[in-house]
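Please provide an explanation that leads a bench biochemist through this protein structure, from its overall make-up to its individual elements.

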Amino acid sequence: MSTNGPCGPVLDGAAVRRAFARRAPAAHGLTRAAPHVAAVCRAMAARFARGGKLIVFGNGESGTDASHVAVEFMHPVVVGKRALPALALGNDSATLSGVGAREGFAEVFAHPLRAFADAGDIALALTPDGRCANVRRGLAAARERGLLTVVLSGGDPADAPPADHTLAVGSADPLIVKEVQVTVYHLLWEMTHVFLEAPGAGGTCDTCADRARPMRVRQLLPDGLALAVPEADEDGPPQEISVALVDAAAGCTVLVHGGEAIAMVTTGAADE
């Protein structure tokens with residue numbers, strides 16, 4: 001129900017709560033997937049560090065998201081971030097239509113991937129439900145050539161095409177899928193830079209002025225916290241960090257950025 005205010009119709013609180021409730025399961029799913037997102041970013045950073053490029057593709061609205069992803073990596077909006085090589089296959093309408101007319105629409109992504117993708121590259125596909133034939137063929141071609149393959153999908157995770165990493169939004173509503181996917185690919189961009197800026201890469205995050213650094217967990221605390229020391233100074237005083245995003249245990253090494261453990265480096269099992 002809505003009422004009229006001085007600037008037009010105003011939704012009542014119940015409608016707003018219903019809108020948030022529809023999105024809550026997908027948002028909570030993204031929170032639970034935080035360690036997997038970190039693992040994807042780490043793998044992407046490794047490819048970029050070795051000179052790889054990012055190739056992104058999808059249909060329709062997912063195609064516009066692919067273009068958005070490519071420009072984020074190529075022309076970062078955060079001053080000081082390095083540009084990383086990326087392109088969206090859907091931006092080349094001549095190739096897209098030419099391949100579609102000659103080989104069929106299912107081949108519009110697979111054909112250019114086979115033509116210029118290298119084994120050290122990354123293929124990132126976006127699909128609202130995992131059932132797009134050309135996206136599936138594109139990922140298959142990328143896997144055949146040895147690329148790191150990542151798919152952002154929606155709907156039933158079982159429908160997602162095979163890939164090295166699948167980040168599936170648990171919703172059948174295409175609007176909710178799109179909203180969460182936008183969040184996911186911005187996380188991919190930011191955290192890939194975090195891994196590239198880790199000690200040894202020679203950088204500091206321009207967003208929060210903190211390095212991503214490996215730290216050894218000494219003691220777990222309540223409420224998702226822990227005491228940890230930097231690997232470079234294990235005799236120093238322990239610092240309190242958040243380990244809410246990782247399955248940490250005493251003795252393990254985690255990668256910490258802005259006071260948050262974002263990935264496991266070692267489990268600590270080798271030290272026991």
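The following paragraphs begin with the chain as a whole and then turn to its sheet, its helices, its cores and its later strands.

The model described here is predicted. The secondary structure of the protein chain comprises 7 helices and 12 strands. Of the 272 residues in the chain, 42% are buried. Among contacts between residues at least 6 apart in sequence, 57% link residues at least 24 apart.

A parallel sheet offers a convenient starting point. The sheet is open and contains 5 strands, paired in parallel in the order β4-β3-β5-β6-β7. Its edges are formed by β4 (86–88) and β7 (165–169), each of which pairs on one side only. From one strand to the next, the twist averages 15°. Strand β6 (residues 148–154) runs parallel to β7 and is joined to β7 by 5 bridges. Within this pairing, Val150 is positioned opposite His165 of β7.

Helices pack on this sheet. Helix α2 (residues 34–49) touches β3 (54–57), β5 (122–126), β6 and β7, and its direction makes about 140° with that of β7. Helix α6 (residues 133–144) lies across β3, β5 and β6, and runs at about 160° to β6.

Helix α2 also meets helix α1 (residues 13–32). Two packed helices are described by the angle between their axes and the distance between the axes. The axes of α1 and α2 come within 4 Å and cross at roughly 55°, which means that α1 is oblique to α2. On the α1 side the contact is made by Leu30, Thr31 and Arg32, and on the α2 side by Ala34, Pro35 and Val37. By character, the residues of this contact divide into 4 nonpolar, 1 polar and 1 charged.

The nonpolar interior comes next. The largest nonpolar core holds 41 residues, of which Met44, Phe48, Leu54, Phe73, Leu124, Leu152 and Leu188 touch the most other members. Helix α7 (residues 174–196) supplies the largest share of this core, with 11 residues. Which residues does Phe73 touch, not counting residues up to four places away in sequence? With that exclusion, Phe73 touches Met44, Phe48, Leu54, Arg82, Ala83, Leu84, Ala86, Leu188, Trp189 and Thr192. A second, separate core has 17 residues, including Val99, Val108, Val135 and Leu147.

Strand β11 introduces the later part of the chain. All 5 of the 5 residues in β11 are buried. Both of its faces are covered, with Thr253, Leu255 and His257 on one side and Val254 and Val256 on the other. Strand β8 (residues 213–221) runs antiparallel to β11 and is joined to β11 by 4 bridges; here Pro214 stands opposite Leu255. Strand β12 (residues 260–266) also pairs with β11 in the antiparallel sense, over 5 bridges, and Met264 of β12 is the bridge partner of Val254. β11 and β12 form a hairpin with 2 residues between them, and Gly258 in the turn has a positive phi of about 60°.

The loop between β10 (239–242) and β11 (253–257) contains Ala249. Is Ala249 buried or exposed? Ala249 counts as partly exposed because its relative accessibility is 34%, a value that falls between the 20% limit for buried and the 50% limit for exposed residues. Not counting residues up to four places away in sequence, Ala249 touches Val217 and Leu220. Ala249 and Gly268 are 19 residues apart in sequence, and their C-alpha atoms lie 7.7 Å apart.

Key: Residues numbered from 1 in each chain as written. Predicted model: local features only at pLDDT ≥ 70, side-chain atom pairs only at ≥ 80, totals over all residues. Heavy atoms only, no water. Pairing = 2+ DSSP bridges. Axes fitted to C-alpha atoms, helices over the stretch in contact; angles between N-to-C directions. Contact = heavy atoms within 4.5 Å. Core = buried A, V, L, I, M, F, W, Y, C linked by side-chain atoms within 4.5 Å. Buried < 20%, exposed > 50% of the residue type's maximum accessible area, 1.4 Å probe, protein only. Parallel < 35°, antiparallel > 145°, perpendicular 65-115°, else oblique. Nonpolar A, V, L, I, M, F, W, Y, C, P; charged D, E, K, R; others polar.
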